[in-house]
Amino acid sequence: QVQLVESGGGVVQAGGSLTLSCAASGRIARINEMGWYRQAPGKQRELVVVITSGGSTNYADSVKGRFTISRDNAKNTVYLQMNSLKPEDIGVYYCKADVALTYISGSYRYWGQGTQVTVSS
């Protein structure tokens, strides 16, 4: 019913930049919180940053000042601008969206398929 399609991952040198995008489509009445999580090899998935429909954000301490999240509510799309990338930023980045299928229902959490970010030192 709802699909999240991510793009923008890749390989970059340390200190470089990447921009991730995630577009939600399908049966969507509204999207509450959207954001990004990541999973490094051998580690659990962790929060990177989330943004509410009103624009409030919550960043992980490890990315504050380097990453910037933004959102286009009209396009149901969230972006992640990643600057000053470090080897410790390596991982699979997953987009998530809390989607309400009708205007009177609660929201369900959906995940993207993940996009790989690799930072070479």
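How many bridges pair β5 with strand β6 (residues 57-59), and in which sense do the two strands run? The legends below take up this pairing and several other close-up views of the model, which is predicted.

**View 1. The hairpin of β5 and β6 and its bridge partners.** Strand β5 and strand β6 (residues 57-59) are joined in the antiparallel sense, and three bridges make up the pairing. One of the positions to look for is Ile 51, whose bridge partner in β6 is Thr 57. Five residues lie between the strands of this hairpin, and Gly 55 adopts a positive phi there, near 100 degrees.

**View 2. The hairpin of β4 and β5.** Strand β5 (residues 46-51) also pairs with β4, again in the antiparallel sense, and here the pairing extends over five bridges. Within it, Trp 36 has Val 49 of β5 as its bridge partner. The hairpin of β4 and β5 has six residues between the strands, and Gly 42 takes a positive phi near 75 degrees.

**View 3. An open sheet of four strands.** The strands follow the order β1-β3-β8-β7, and their pairing is antiparallel. Because β1 (2-7) and β7 (67-72) stand at the edges with a single partner strand each, one side of each of these strands is left without a neighbour in the sheet. From one strand to the next, the twist averages 15 degrees. As general background, the strands of a sheet pair through backbone hydrogen bonds, in either a parallel or an antiparallel manner.

**View 4. Strand β8 between its two partners.** On one side, strand β8 (residues 77-82) is paired with strand β3 (residues 18-26) in the antiparallel sense over six bridges, and in this pairing Ser 21 has Tyr 79 of β8 as its bridge partner. On the other side, β7 and β8 run antiparallel and are joined by six bridges, with Asp 72 standing opposite Thr 77 in β8. The hairpin of β7 and β8 has four residues between the strands, and Asn 76 takes a positive phi near 50 degrees.

**View 5. The disulfide of Cys 22 and Cys 95.** The structure holds one disulfide, formed by Cys 22 and Cys 95 with their sulfur atoms 2.0 Å apart. Cys 22 belongs to strand β3 and Cys 95 to strand β9 (residues 91-100), and the pair thus links distant parts of the chain, 73 residues apart. The link of Cys 22 and Cys 95 is left-handed, with -80 degrees about the S-S bond. Cys 22 counts as buried because its relative accessibility is 0%, and Cys 95 counts as buried because its relative accessibility is likewise 0%.

**View 6. The aromatic pair of Tyr 37 and Trp 111.** A search of the whole structure finds one aromatic pair, in which Tyr 37 and Trp 111 meet edge-to-face, 5.2 Å from centre to centre and with 75 degrees between the planes. Since Tyr 37 lies in strand β4 (residues 30-39) and Trp 111 in strand β10, the pair ties together parts that are 74 residues apart in sequence. Tyr 37 is buried because its relative accessible area, 16%, is under 20%, whereas Trp 111, with a relative accessible area of 36%, is partly exposed.

**View 7. Arg 45 over the rings of Tyr 94 and Trp 111.** The charged end of Arg 45 sits over the ring of Tyr 94, at 3.7 Å from the centre of that ring. Arg 45 also lies over the face of Trp 111, where the distance to the ring centre is 4.6 Å. Trp 111 is thus a residue that this view shares with the previous one, where Trp 111 forms the edge-to-face pair with Tyr 37.

**View 8. The surroundings of Ser 107.** Ser 107 has its place in strand β10 (residues 107-111), and with a relative accessible area of 37% this residue is partly exposed. Leaving aside residues up to four places away in sequence, Ser 107 touches Asn 32, Asp 98, Val 99 and Ala 100. Ala 29 is 78 residues from Ser 107 along the chain, and the C-alpha atoms of these two residues are separated by 9.7 Å.

Methods: Residues are numbered from 1 along each chain as its sequence is written. This is a predicted model: local features need pLDDT of at least 70, side-chain atom pairs count only at pLDDT 80 or more; totals for chains, interfaces and linings use all residues. Side-chain values use heavy atoms; hydrogens and water are left out. Two strands pair if DSSP finds at least two bridges between them. Axes are lines fitted to C-alpha atoms, for helices over the stretch in contact, and angles run from 0 to 180 degrees between N-to-C directions. Buried means under 20% relative accessible area, exposed over 50%, partly exposed in between (1.4 Å probe, protein chains only). Contact means heavy atoms within 4.5 Å. Rings of Phe, Tyr and Trp (its six-membered ring) pair if their centres lie within 6.5 Å; planes under 30 degrees apart count as stacked, over 60 as edge-to-face and the rest as tilted. A charge sits over a ring if NZ of Lys or CZ of Arg is within 6 Å of the ring centre and within 35 degrees of the ring normal. A disulfide is a pair of cysteine sulfur atoms within 2.5 Å.
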